[in-house]
Amino acid sequence: MKKTIILWILFMLIAPFRGMAVSEKAVPANEFLNSIGVNSSISKRGENLQHTIEYVKYLGVRWFRTGYEDNVSLEDLKRLHDETNVRFSYGLLSGGNDIDRLIKDASFLASEGALLAVEGPNEPNNWGIPYQGETGGSKDSWLPIARLQRDLYQAVKSNPVLKDYPVFHLSENGAQTDNAGLQFLEIPEGAGTLMPAGTRFADYANCHNYVSHPSWPGVHDNQTWLSAAPGRECPVDGLYGNYGSTWNKHFAGYPEEALQTLPRVTTETGIAIDAKEGITEQLQACMYVNLYLSQFKRGWKYSAIYLLRTRSNEVEHEAFSFFNLDGSPKLAAHYLHNLTTVLADTETNPSAGTLDFEVENEPSTVHHLLLQKSDGTFQLVLWGEAYTGGSEEVCVRFDRSHGQLRVYDPTVGSEAVKTFDGTDAVTLTMTDHPVVVEIIK
């Protein structure tokens, strides 16, 4: 009897912690912040450099996708970097094929500490690109595009200034009309592609996985989470359709298990405000902050939303942007500002720590990311993707009491909305946006 009582007491003591995730490793907050990028013409097509600088400082974005076809002067890029510390993926954008110029411009940016990566052609499915006397892409053979990307990669890696910078693959390689092999970073033996095995194209896969697609319109729960999925469950134009089985002709690429760890970036993603589809400014704003979190959690090193502010010659694209054509911020700009302010950090601690906690009965529409600042502070970000409505209560339980838990809601502001002293648990109501739980020892 005595032994039974002791066992019952022990059971009751440990019961609250059954199933607890033990020692989940944190990711440096600065690493997540570095993933946040945008598309912009910066100082051309109706955009103004000074305004762009102001937008960057407000949003907290860390990188831009650009290239020489936008005709943005290198001096403007240098000034933007000098005043905000942003970096640039610099590439052959729409129809570009001048590798020599690309190398020259990228080398200048690298010498200024402003280069993030070099990128291949943008969406050759939408326009043909001439290379070495032959036009490829669109409905023609993609072999000229493959040779262009191969030569770009070799030019970067043989350049003493650029050799250590990553090369992003071209976008929309899933549109290949013939099996040139562009669904690989490096063509493996036995792939049966037109380009030979061993041909190297890039260091990172590159997708334009917009979170809405003609084949998947409207509003869906887990919309940003599923759009970031690396496998065939992705319902939009994602990694699987470009690197697993190409969406146009279904040429075989990587097996699905290899896609899980394939180095990858997104150089365009987003969603347009559309009343007919139920995408309000509020919902877009929630999706945009969730998008960056889902992308990073699911293995995308860098993600750039299209668009910072729309171009004067593409006013219809204002529906995608963080800022209106008149320069005023949308809710998406405010929400991202609040999130990056709460998470603000400028250094990466290479030895991030661990934290013992459990999100009890975590619903399918709730996801989490454990971050740690360089000063040692843990921040647990949870985000809800119940975009069609409804809410879920979740309890975050820690293995011990902490001095203080501070809860932030980026849709409200950048100050704590709740504070709990000396507790080992906090209950949250999750809907369609993130909350941040900051753990103060």
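**Buried residues, cores and pockets in a predicted model**

Q295 is buried, its relative accessible area being just 2%. The residue sits in helix α10, which covers residues 281-297. Setting aside residues up to four places away in sequence, Q295 touches N209, S227, A228, T266, W300 and S303. Like everything else here, this comes from a predicted model. Confidence is worth a quick look, then: the mean pLDDT of the protein chain is 94, and 95% of its residues score 70 or more. The stretch to watch is residues 3-19, where the pLDDT is below 50. Beyond near neighbours in sequence, that stretch has nine contacts in the model.

Helix α10 turns up again in the nonpolar interior. The largest nonpolar core holds 99 residues, and the members touching the most others are F32, F64, L80, F88, F322 and L343. The largest share of this core, 10 residues, is supplied by α10. Another core lies apart from it, with 21 residues, among them F357, F398, V407 and V426. Back in the largest core, F64 makes a good example of a well-connected member, being one of those that touch the most other members. Leaving out residues up to four places away in sequence, the contacts of F64 include V38, I42, V56, L80, V86, F88 and L308. Polar and charged partners appear on the list as well, including S40, T52, R87 and S89.

One of those F64 contacts, I42, has a backbone quirk. I42 is not a glycine, yet its phi is positive, at about 65°. The residue is found in the loop between β3 (36-39) and α3, and it counts as buried because its relative accessibility is 0%, under the 20% cut-off. S138 shows a positive phi too, near 55°, and is likewise a residue other than glycine. S138 lies in the loop between β8 (134-136) and α6 (143-157). Its relative accessibility is 27%, so S138 counts as partly exposed.

Y306 is another loop residue, placed between β12 (300-305) and α11. With a relative accessibility of 8%, Y306 counts as buried. Its C-alpha lies 9.5 Å from that of A272, although the two residues are 34 apart in sequence. Neighbours within four places in sequence aside, Y306 is in contact with N39, Y210, E268, T269, G270, Y288, R311, E314, H317 and F320.

Two of those partners of Y306, E268 and R311, also feature in the second largest pocket. About 330 Å³ of space lies in this pocket. Its lining has 16 residues, with R45, S94, N122, E268 and R311 nearest the centre. By class, the lining splits into eight charged, five polar and three nonpolar residues.

The largest pocket has a volume of about 420 Å³. Its lining is made up of 25 residues, and G60, V61, R62, T84 and D345 lie nearest its centre. Here the classes come out as 11 polar, nine nonpolar and five charged. Four helices, α2 (29-34), α3 (49-59), α4 (74-84) and α11 (331-342), each put at least two residues into the lining of the largest pocket. Helix α3 gives the most, with four residues.

Definitions and conventions
Residues numbered from 1 in each chain as written. Predicted model: local features only at pLDDT ≥ 70, side-chain atom pairs only at ≥ 80, totals over all residues. Heavy atoms only, no water. 1 Å grid on protein atoms, 1.4 Å probe; cavity = no way out; pocket = protein on both sides within 12 Å on 5 of 7 lines; lining within 4 Å. Points joined across faces, edges and corners; volume = space filled by probe spheres on them. pLDDT = per-residue confidence, 0-100. Contact = heavy atoms within 4.5 Å. Buried < 20%, exposed > 50% of the residue type's maximum accessible area, 1.4 Å probe, protein only. Core = buried A, V, L, I, M, F, W, Y, C linked by side-chain atoms within 4.5 Å.
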